[in-house]
Amino acid sequence: MKKSRLTVVLLLSFILYGCSMQEENHESQTGIRVEIQGGVEEERAEEEDSGRADGQIAPEAAAPTKEEVLAAREQVLEGMPEEEIERLKENIKVANQRMESAYLNENIFEKLEDTESLYWNYFDEKGEIQIGETEGTPVTVYNRFDAANFVELLGEMKETVKNEKLQADLQRIMDETDLAAQTHEMEHAYYIYQLLHDMDYYLLRYGPEDVGAYVQDPSFICKYYGVLSVYK
């Protein structure tokens, strides 16, 4: 039986374009298409405009200002040891970067629309996994962490958080991880990405400045999904 949780470095095997300003490939993001082949981004935009019955994908909201982000960050991290703050920031950053890289470069959400896609092995298995086939030959990669590792890690970090809203947002990622792995429904994986994106770029960092200044087109980084409980 396949394991039913996502990993904090779900897509470590994608050695592609990252978003960290410490990564040398930041400049190589110039000209990357935000619109995903097959219209996934367009479809998501339509869903955001019309709203969803389950409330997962929020309508597009005005992004918080830098001052609002700094104030919210101070509030949600209050009372946490500094080493735990840095651990939380780093793990959320890495998870966001890997999903974003797969989004931009591998059309990951388009692939995950197929519930039988081998790309779901990133959610379900650890070690050597098959993600495709070329001329009858399996395409395999090494997936260092299985899904249970991600939820376990988030749970550990959640225990160090004192703020109830941040606790709730971490729990939502954990819950959506379970649903994604159990159902193989792409929407849950996409919602995980939205939560990680907003938590990284509009809470634990300020993406437009910390990352956007290092790429030619910061529009994707500056996109704000408005899914965090922190600002509600």
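Glu 86 counts as partly exposed, with 40% relative accessibility. In this predicted model, Glu 86 pairs up with Lys 89 in a salt bridge, the closest N and O atoms sitting 4.0 Å apart. Helix 3 keeps coming up below: it hosts that pair, it crosses helix 8, and Asn 107 sits in the loop between it and helix 4.

**Salt bridge within helix 3**

- Both Glu 86 and Lys 89 belong to helix 3, and 3 residues, about one turn of the helix, separate them.
- Lys 89 is partly exposed too, at 23% relative accessibility.
- Their N-to-O distance is 4.0 Å, and a salt bridge here calls for a side-chain nitrogen within 4 Å of a carboxyl oxygen.

**Salt bridges between helices**

- The count of salt bridges in the model comes to 7.
- Glu 156 bridges to Arg 87, with the closest N and O atoms 2.8 Å apart.
- Glu 156 is part of helix 6 (residues 147–160) and Arg 87 is part of helix 3, so this pair ties together parts that are 69 residues apart in sequence.
- Both ends are partly exposed: Glu 156 has a relative accessible area of 33%, and Arg 87 comes in at 29% relative accessibility.
- There's a network here as well: Glu 84, Arg 87 and Glu 156 are joined through salt bridges that share partners.
- Over at helix 9, the side chain of Glu 209 meets that of Lys 66 in a salt bridge, 2.9 Å from N to O.
- Because Glu 209 lies in helix 9 (residues 207–210) and Lys 66 in helix 2 (residues 66–76), the pair links parts that are 143 residues apart in sequence.
- Glu 209 is partly exposed at 40% relative accessibility, and Lys 66 is partly exposed with a relative accessible area of 30%.
- As general background, side chains of opposite charge can pair when their charged atoms come close.

**Helix 3 against helix 8**

- The axes of helix 3 (residues 82–106) and helix 8 (residues 186–201) come within 9 Å and cross at roughly 130°.
- That makes the two helices oblique to each other, because 130° falls outside the ranges that count as roughly parallel (under 35 degrees), roughly antiparallel (over 145) or roughly perpendicular (65 to 115).
- The crossing of helix 3 past helix 8 is left-handed.
- On the helix 3 side, the contact is made by Ile 92, Lys 93, Ala 95, Asn 96, Met 99, Glu 100 and Tyr 103.
- Helix 8 brings Ala 189, Tyr 190, Ile 192, Tyr 193, Leu 196, His 197, Met 199, Asp 200 and Tyr 201 to the contact.
- By type, the contact residues split into 11 nonpolar, 2 polar and 3 charged.

**Positive phi in two loops**

- Most residues other than glycine have a negative phi.
- Asn 107 isn't a glycine, yet its phi is positive, at about 50°.
- Asn 107 lies in the loop between helix 3 and helix 4 (108–111), where it's buried with a relative accessible area of 11%.
- Glu 135 isn't a glycine either, and it has a positive phi of about 50°.
- You'll find Glu 135 in the loop between strand 1 (127–134) and strand 2 (137–143).
- Asn 107 is buried, whereas Glu 135 counts as exposed, at 81% relative accessibility.

Notes
Residues are numbered from 1 along each chain as its sequence is written. This is a predicted model: local features need pLDDT of at least 70, side-chain atom pairs count only at pLDDT 80 or more; totals for chains, interfaces and linings use all residues. Side-chain values use heavy atoms; hydrogens and water are left out. Axes are lines fitted to C-alpha atoms, for helices over the stretch in contact, and angles run from 0 to 180 degrees between N-to-C directions. Helices (H or I, at least four residues) and strands (E, at least two) are DSSP runs, numbered from the N terminus. A crossing is left-handed if the near helix is turned anticlockwise from the far one by less than a right angle, and right-handed if clockwise. Contact means heavy atoms within 4.5 Å. Ala, Val, Leu, Ile, Met, Phe, Trp, Tyr, Cys and Pro count as nonpolar, Asp, Glu, Lys and Arg as charged, and the others, Gly among them, as polar. Buried means under 20% relative accessible area, exposed over 50%, partly exposed in between (1.4 Å probe, protein chains only).
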